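Reader: I should like a close look at one part of this structure, namely any enclosed space within the protein. Please describe what lines that space, and set the description in the context of the chain as a whole.

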Amino acid sequence: MFPYDPTLLAAVRTIPESIDDVLRTMGIIADTCIDGDGLKWFNELYFQVTQAVQSRIASGGFSDPQWLAALDVQFARLYFGALGSALSGQSAPECWQVLFSSRNQAPIARIQFAFVGVNAHINHDLAQAIVANCSATATVPQHGSAQYNDYTVLNSTLDSLIETAKRELHVRLLGEVLPPASRLEDTFAAWSVSAARESAWNNAELLWHLQPTPLLASTTFMGTLDGLTTVAGKALLVPVPELPLN
């Protein structure tokens, strides 16, 4: 879709092993994408979120900071993997394709691109990342655990970044001002990162118990989750209409 897509593909093919690795790849995407690429605006928000998570972990106050850092890496791998699949012509989750196939649609607002990526990443990917991280660290996704409590501590930081993004990205893809009142305000006002992350944790607990039946976990459960997340993503990307000419 863009002439620099091979550069993006090369970047995401490097599997991150640390948060610094994640930020390095996101930095390449940020430096490569032009303003007229919707991917830029999701990546920009995610880059800021990852920096904030790294800072919160470094400042202390968590029971299991290593687990939280490892979750950040597992989570980012799913974004890079979906982008890599799409750029190489392979199958990516439909909820991600909603973003990837619309990257050059100028009538869409930057905040819409950011939110459709957040929708795919939290509502579809996060449960998988939690399960993968628990499997790798010999822990269990369970409410009330030290890992769950650390996970929820981040909600206030993430909510703050989302609120900032709503203000700063409230323009069309190429920077044109949006109408003074649009349905976006109502749509995004009802969206909560904390609620989405809580739902993702609940889904992770379900997915964890489905692991002994891989077909049920990967095909039925994740397929349904992908379908629901795709519907939400498509709704988020409906362009804001132009103001009528008088």
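Author: The account below begins with the chain, turns to the enclosed space, and ends with one helix pair. The model is a predicted one.

The chain contains 11 helices and zero strands, so that its pattern along the sequence reads α-α-α-α-α-α-α-α-α-α-α. For 246 residues, a compact globule would be expected to have a radius of gyration near 18 Å, and the chain agrees with this because its own value is 18 Å. The C-alpha trace spans about 65 × 35 × 35 Å along the principal axes.

Within this helical chain, a search of the whole structure returns one cavity of 30 Å³ or more. The space in the largest cavity amounts to about 320 Å³. Its lining is formed by 19 residues, of which Tyr46, Val49, Phe75, Leu158 and Arg197 are the closest to the centre.

Five helices each supply at least two residues of this lining: helix 3 (38-59), helix 4 (65-87), helix 6 (110-137), helix 8 (155-168) and helix 10 (193-209). Helix 3 gives the most, contributing six residues. In character, the lining of the largest cavity comprises 15 nonpolar residues, two polar ones and two charged ones.

A helix pair from the beginning of the chain completes the description. Two packed helices are described by the angle between their axes and by the distance between those axes. For helix 1 (residues 5-12) and helix 2 (residues 19-32), the angle is about 175 degrees and the axes lie 9 Å apart. Helix 1 is therefore roughly antiparallel to helix 2, given that angles over 145 degrees count as such. On the side of helix 1, the contact involves Thr7, Leu8, Ala11 and Val12, which meet Thr25, Ile28, Ile29 and Thr32 of helix 2. The residues of this contact divide into five nonpolar and three polar, with no charged residue.

Technical notes: Residues numbered from 1 in each chain as written. Predicted model: local features only at pLDDT ≥ 70, side-chain atom pairs only at ≥ 80, totals over all residues. Heavy atoms only, no water. 1 Å grid on protein atoms, 1.4 Å probe; cavity = no way out; pocket = protein on both sides within 12 Å on 5 of 7 lines; lining within 4 Å. Points joined across faces, edges and corners; volume = space filled by probe spheres on them. Helix = DSSP H or I, 4+ residues; strand = E, 2+ residues; numbered from the N terminus. Nonpolar A, V, L, I, M, F, W, Y, C, P; charged D, E, K, R; others polar. Axes fitted to C-alpha atoms, helices over the stretch in contact; angles between N-to-C directions. Parallel < 35°, antiparallel > 145°, perpendicular 65-115°, else oblique. Contact = heavy atoms within 4.5 Å. Rg over C-alpha atoms; globule rule 2.2 N^0.38 Å.
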